[in-house]
Amino acid sequence: MQWEQLWLNYKKNLDYVDKDFFAVIHQKIEGKLIDSGVRELTKVAEEMFGINTKVKTSIWEEQGDVLQRRCDVISPEEQRIVLQLTDDLSLGEEGYEITIEENQLIINAPSAKGILYGAFHIIRQANQGKPLMDLPRRNIPRNNYRMMNHWDDFGGNIERGYSGKSFFFKDREVLMSERLIDYARLMASIGINQVVLNNVNTREGASELITKKYLPKLRGVADIFEEYGIQLFLSINYAASMDVGGLETADPLDEDVVTWWQKRAKEIYQYLPHFGGFLVKADSEGRPGPFTYGRDHSEGANMIARALKPYGGVVIWRCFVYNCRQDWRDTTTDRARAAYDNFMPLDGMFDDNVILQIKNGPVDFQVREPVSPLFGGLRDTNQILEVQIAQEYTGQQIDLCYLLPMWKEVLDFRTYCQEEEDTVADIVSGRTFGSLKCGMAAVANTGDDPNWTGHDLAAANLYGFGRLAWDTTLSSEDIAREWARQTYHLEGRLEDTLLEMLMGSWNTYENYTSPLGIGWMVNIGHHYGPNVDGYEYDVWGTYHRANHLEIGVDRTSKGTGQTQQYQLPNSALYEEIETCPQELLLFFHRVPYSYRLKSGKTLLQHIYDTHFQGVEEVEEMIRKWESLKEAVDPVVYQRVKERFERQLENSKNWRDVINTYFYRKTMIPDEKGRPIHG
Ligand code: GCU
């Protein structure tokens with residue numbers, strides 16, 4: 001199957017002002033990462049500028065005891081890109097500096113990886129038709145961990161995958177294909193430096209990936225990744241000592257279990273010397289974990305982390321732990337409290353090579369949630385922010401939902417854990433508490449569809465995550481523009497139209513789905529489309545408890561007390577209905593339908609209005625897409641159009657189900673008399 005190149009789509013641009021730099025690449029350093037950078041630069045030169053780049057080398061190498069200079073002839077007049085190491089260690093392990101000296105454009109970095117990122121920066125600039133003179137001189141990533149978490153099953157399906165099958169696995173085998181190389185190029189180009197290959201739910205024999213049976217094959221994958229500066233990680237089964245090792249226990253304090261993991265680690269690093277470590281979903285949604293043995297998460301995580309420690313590996317331990325066998329009649333159990341209740345008491349108890357990975361909200365990737373109170377709560381623990389590119393609850397890559405504005409809100413959220421540098425971005429970058437092992441991870445679901453992401457425009461989320469994880473100060477609009485320009489090369493006005501579509505899409509999605517932070521109301525299991533009571537009497541938790549007068553769960557101190565998991569003043573703000581941000585009203589409060597919002601509208605009328613409006617906005621997005629018909633590739637145009645037709649159906653369905661539900665509950669009609677099904 002053929003596949004597309006997404007934002008590495010190099011369109012001919014013979015008038016590009018700085019194309020002559022691409023005539024010569026002068027590499028003063030060698031190595032596989034440098035080769036990758038040179039390959040990409042020469043590809044750009046050929047495809048965009050029709051230039052056949054001359055690659056010249058001058059390096060020092062040892063010949064016996066003597067240091068010899070190996071040097072191709074370079075005339076001083078030749079305009080060129082120079083790749084060279086610098087001893088400016090303030091750039092860090094991955095940063096770079098680009099300077100222009102007469103006819104040389106120089107990428108300086110303390111490491112080959114930094115040079116590769118610098119090369120991709122030049123390419124990003126050229127691919128947008130922007131002069132290289134405008135490049136910011138120094139560029140250092142804000143986060144050390146910039147990670148993709150794939151939920152690919154060993155059999156070849158992708159959990160929450162909406163764009164085809166896995167290109168990592170098929171029928172319990174590890175795949176090696178050309179596509180892997182393009183995947184690695186795409187990821188490196190946006191600064192991703194770590195990839196977890198398999199699903200956190202280690203099903204279908206995936207527990208065995210950490211054994212000799214699969215390690216040689218994984219070595220092949222790791223080699224490809226490493227050429228692009230990407231470290232391989234694997235999700236493990238916490239109980240692998242039983243499942244794979246044949247022991248009778250997975251008790252973290254059991255000597256045999258400890259030894260088993262030590263042996264496993266040793267063997268893994270024999271095959272994969274640069275292996276990153278494990279991602280673990282334990283005691284979560286039926287997965288095994290230390291609770292079975294009366295142990296806590298720190299005991300479980302530390303035991304495995306200690307096995308990896310001699311080799312530099314880490315354990316990334318997910319905080320997605322809650323009771324998924326809840327009774328809806330029990331109003332004291334609140335799923336939104338769970339991650340905090342489980343992990344706050346363990347702050348400071350994890351080893352330094354354990355990192356807690358925390359979903360952005362306290363529940364589960366809903367269209368609107370407050371930020372997880374663990375951010376700003378934990379002070380003495382390495383932390384990674386987890387977001388979801390996959391769009392499980394935000395349209396499943398059928399509906400357009402550009403998520404960067406949401407992630408920006410999360411990153412910019414002030415936790416008040418200290419006076420300054422207290423945002424989520426500060427915390428996960430390590431600025432607040434000085435941790436180096438921290439950053440951002442995203443659940444990704446790229447599949448083997450030609451366009452990788454099902455919806456062509458969903459690639460903006462994939463691209464955007466990498467760029468944001470590198471530089472959390474970038475605006476979601478700038479990121480969208482970068483992505484659009486490199487992918488579609490549209491003229492100004494048309495590009496603006498595409499941007500308007502992306503920028504408004506999250507709000508639109510929120511408008512026609514569950515209102516004001518209440519979340520859920522989706523069909524159970526697959527999570528697409530409306531079902532207001534779908535989870536209402538179910539065991540998974542988070543209920544809206546709507547009756548004919550009011551809706552919502554009281555999470556204030558009079559209710560479940562979840563508001564008190566936040567620092568002041570956030571806790572106080574959320575506690576009072578008057579000060580609670582409107583978009584989170586129904587997350588924190590139980591509210592009568594007649595309650596007047598700041599707009600003067602009643603809650604009920606707000607629900608009606610936003611749902612009618614959401615559908616109108618989808619219709620407007622479709623008109624905008626149609627106006628781009630002549631400017632985009634016909635295959636892409638058609639694919640996206642079909643997605644929009646489905647989105648329109650979905651939005652109408654949501655509108656009618658939600659509005660009808662509340663009308664039937666309240667028997668209060670829409671003030672504007674629009675059709676609602678009584
Ligand atoms: C959600 C999702 C699951 C996933 C889980 C997780 O519950 O529906 O498919 O396994 O999150 O994050 O582990």
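Let's call two N or O atoms a polar contact when they sit within 3.5 Å of each other. With that cut-off in hand, start at the ligand of this predicted model. A polar side-chain atom of Glu285 lies 3.0 Å from one of the ligand's oxygen atoms, so the pair falls inside the 3.5 Å limit. Two other side chains also reach ligand oxygens: for Arg318, an N or O atom of the side chain is 2.7 Å from an oxygen atom of the ligand, and for Lys359 the distance from a side-chain N or O atom to a ligand oxygen is 2.7 Å. The protein takes up most of the ligand's surface: of the 320 Å² of accessible area that the ligand has on its own, 96% is covered.

Zoom out a little and you find 14 residues surrounding the ligand, with Glu159, Lys281, Arg318, Lys359 and Glu392 as the closest. Sort that shell by class and you get 8 charged residues, 4 nonpolar and 2 polar.

Next stop, the barrel. Here 8 strands close up in the order β8-β11-β12-β13-β14-β15-β16-β17, with parallel pairing. If you ignore direction, neighbouring strands in this sheet are turned by 25° against each other on average. For a closer look at one pair, take β13 (residues 277-280) and β14 (residues 314-318), which pair in the parallel sense over 4 bridges. To find the register, put Gly277 opposite Val314 in β14. Arg318, which we met at the ligand, falls within the residue range of β14.

The other sheet is open rather than closed. It has 7 strands in the order β3-β2-β1-β4-β6-β5-β7, and the pairing is mixed. The edges belong to β3 (66-71) and β7 (138-139), and each has a single partner strand, so one side of each is left without a neighbour in the sheet.

Walk in from the β3 edge and you meet β2, joined to β3 by 6 bridges in an antiparallel arrangement. Glu62 is the residue that stands opposite Leu67 in β3. The hairpin of these two strands has 2 residues between them, and Gly64 takes a positive phi near 65° there. Further in, β1 and β2 run parallel and are joined by 4 bridges, with Gln27 opposite Thr57 in β2.

At the other edge, β5 (residues 96-101) runs antiparallel to β7, and 2 bridges join them. Tyr96 faces Asn139 in β7. Helix α2 (residues 112-127) packs on this sheet, where it touches β4, β5, β6 (104-109) and β7, and its direction makes about 60° with that of β5. There is also helix α1 (residues 32-49), which lies across β1 (24-27), β2 (54-63) and β4 (80-85) and runs at about 170° to β1.

Finally, a couple of backbone oddities to check in your viewer. Most residues other than glycine have a negative phi, and most peptide bonds are trans. Arg172 has a positive phi of about 60° although it is not a glycine, and you'll find Arg172 in the loop between β9 (169-170) and β10 (173-174). As for the peptide bonds, the one from Leu568 to Pro569 is cis, with omega near 0°. Pro569 belongs to the loop between β18 (550-551) and α14 (570-575).

Conventions: Residues numbered from 1 in each chain as written. Predicted model: local features only at pLDDT ≥ 70, side-chain atom pairs only at ≥ 80, totals over all residues. Heavy atoms only, no water. Near = heavy atom within 4 Å. Polar contact = N/O pair within 3.5 Å; in protein donor to acceptor, adjacent residues only side chain to side chain. Areas by Shrake-Rupley, 256 points an atom, 1.4 Å probe, with all protein chains shown as cover. Nonpolar A, V, L, I, M, F, W, Y, C, P; charged D, E, K, R; others polar. Pairing = 2+ DSSP bridges. Contact = heavy atoms within 4.5 Å. Axes fitted to C-alpha atoms, helices over the stretch in contact; angles between N-to-C directions.
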